[in-house]
Amino acid sequence: MAKISLPNPDRTIAPYTLTGTPIPFIRHAATDFSRIAFAAAHVVADPLASNDPWLTPAIDWDRTLAFRHRLWDLGLGVAEAMDTAQRGMGLGWPEAQELIRRSQAEARTRPDSLVAYGAGTDHLIPGPDVTVDDIIAAYEEQIGFVEGQGGRIILMASRALAAAAKSPDDYVKVYARILTQVKQPVIIHWLGEMFDPALAGYWGSPDHLDAMETCLDVIATHADKVDGIKISLLSKEKEISMRRRLPETVRMYTGDDFDYAELIAGDDAGHSDALLGIFDAIAPAASAALSALGKGSENEFFELLEPTVPLSRHIFAAPTRFYKTGVVFLAYLNGLQDHFAMIGGQQSTRSLQHLSELFRLADKARVLADPDLAVERMKRVLAANGVVS
């Protein structure tokens, strides 16, 4: 059994013996699943680039794209250029364009690739002079680029709109203009303020239930242009409430990284599909669980996926916007990249205590693919922080 000494919250260092039997990597097709499941995928930084990491992103394109193929091999879709890829936290629109262009080129090489791309307004800096028409034009620019590459749209929430909107009517105006123009139905992305404080009050109200009314009205009016909505409010009650009120043709894609297992399983009134950042980190477990659900084995589905929920709750703990660090850390532990470095230097956003608990929870969730490798790499991180294990 692999062993390692890890820091505890009381500042002691204590031995930890790994007990988890890794969930194997087994290829699946999306058709094996009874749910549509997107993993929002991270980008792999290039640590050897000569750049200023806080100012200029450097991306290892080979490793980044190989990770997309891994997700497709597991039957998962790729939600590209989203917040998990550090969109708005290190990845700007110029880099997102290159990521979209390269990912779409890779997707064309295989018939089983499911992929959709984030289009928003992040190249427009919020400010007092930004108008609703400016925001519409910014959305149109990014949508035009994605559609020009032949890609599907995930319509991202807009920081500029959150800053400029005077009432719910401004949201209605923007989304109506955009949805009437898109070439194919989009996934609307409602990202809560816990993921991005700049999006507080989205849909024109600080109260999520009031905001939901505006969002539902927009969806009902333009249901033929909406494939689904992903809400990331970390509230299963709000998601279920909204899910039950959607038009029959519109999907709910859970973005709840706290309660995804039960939301995907669903209830007598329906279920959620998935568009989750945590599926990047636990992809083999998610794939195996979805395959079990597709075969009608709900018990196996929960046996595989439920142990990952404490891990996900830890990774997405407040400040939730720093969850990307945990996602990349797991990719490092699992040998999917050779370093624990992130664009924008974001690897520094979580403490050694946080990473140590993440290691324990990942073991319990059975998502450390090679325990010996994970121990070796965890020891490197500990040593870099002055802890001899």
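Three bridges join strand S3 (residues 37–40) to strand S10 (residues 273–276), and the two run parallel. Strands here are DSSP runs of E with at least two residues, helices are runs of H or I with at least four, and both are numbered from the N terminus. Two strands pair if DSSP finds at least two bridges between them. The model is predicted: local features need pLDDT of at least 70, side-chain atom pairs count only at pLDDT 80 or more, and totals for chains, interfaces and linings use all residues. Residues are numbered from 1 along each chain as its sequence is written, and side-chain values use heavy atoms, with hydrogens and water left out.

Within the S3–S10 pairing, alanine 37 stands opposite alanine 274 in S10. S3 also pairs with strand S4 (residues 77–80), in the parallel sense and over three bridges. There, phenylalanine 38 has glycine 77 of S4 as its bridge partner. In a regular strand the side chains alternate between the two faces of the sheet. In S3, Ala37 and Ala39 point one way, while Phe38 and Ala40 point the other way. All four are buried. Buried means under 20% relative accessible area, exposed means over 50%, and partly exposed lies in between (1.4 Å probe, protein chains only).

Strand S7 (residues 186–191) and S8 run parallel and are joined by six bridges. Valine 186 has valine 226 in S8 as its bridge partner. S8 is mostly covered, with seven of its seven residues buried. Leucine 234 follows in the loop between strand S8 (226–232) and helix H7 (236–243). Most residues other than glycine have a negative phi, and most peptide bonds are trans. Leucine 234 has a positive phi of about 55° although it is not a glycine. This leucine 234 is buried, at a relative accessible area of 18%.

A hairpin is formed by S1 and S2, with five residues between the strands. S1 and S2 pair in the antiparallel sense over five bridges. Serine 5 has proline 15 in S2 as its bridge partner. Arginine 11 lies in the loop between strand S1 (3–7) and strand S2 (13–17). Its phi is near 80°, a positive value in a residue other than glycine. At 75% relative accessibility, arginine 11 counts as exposed.

A cis peptide bond runs from alanine 318 to proline 319, with omega near -5°. Proline 319 lies in the loop between helix H12 (308–315) and helix H13 (323–333). The charged end of arginine 321 sits over the ring of phenylalanine 322, 4.8 Å from its centre. For such a contact, NZ of Lys or CZ of Arg must be within 6 Å of the ring centre and within 35 degrees of the ring normal.

The structure holds 15 aromatic pairs. Rings of Phe, Tyr and Trp (its six-membered ring) pair if their centres lie within 6.5 Å; planes under 30 degrees apart count as stacked, over 60 as edge-to-face and the rest as tilted. Tryptophan 93 and phenylalanine 145 form an edge-to-face pair, at 5.6 Å centre to centre and 85° between the planes. Tryptophan 93 lies in helix H2 (residues 93–107) and phenylalanine 145 in helix H3 (residues 132–148), so the pair ties together parts that are 52 residues apart in sequence. Tryptophan 93 is buried, at a relative accessible area of 5%. Phenylalanine 145 is buried too, at 14%. Elsewhere, ring pairs link Tyr139, Tyr171, Tyr175, Trp190, Tyr202 and Trp203 into a cluster.

Serine 167 is found in the loop between helix H4 (159–164) and helix H5 (168–179). At 24% relative accessibility, serine 167 counts as partly exposed. The C-alpha atoms of serine 167 and tryptophan 203 are separated by 8.2 Å, with their positions 36 residues apart along the chain.

The largest pocket holds about 400 Å³ of space. On a 1 Å grid over the protein atoms alone, a pocket is an open set of points where a 1.4 Å probe fits, with protein on both sides within 12 Å along at least five of seven lines. Grid points are joined across faces, edges and corners, and the volume is the space filled by probe spheres set on the points. The pocket is lined by 23 residues, of which Arg87, Gly88, Asp122, Arg159 and Asp196 lie nearest its centre. Lining residues have an atom within 4 Å of a point. By class, the lining has eleven nonpolar, six polar and six charged residues. Ala, Val, Leu, Ile, Met, Phe, Trp, Tyr, Cys and Pro count as nonpolar, Asp, Glu, Lys and Arg as charged, and the others, Gly among them, as polar.
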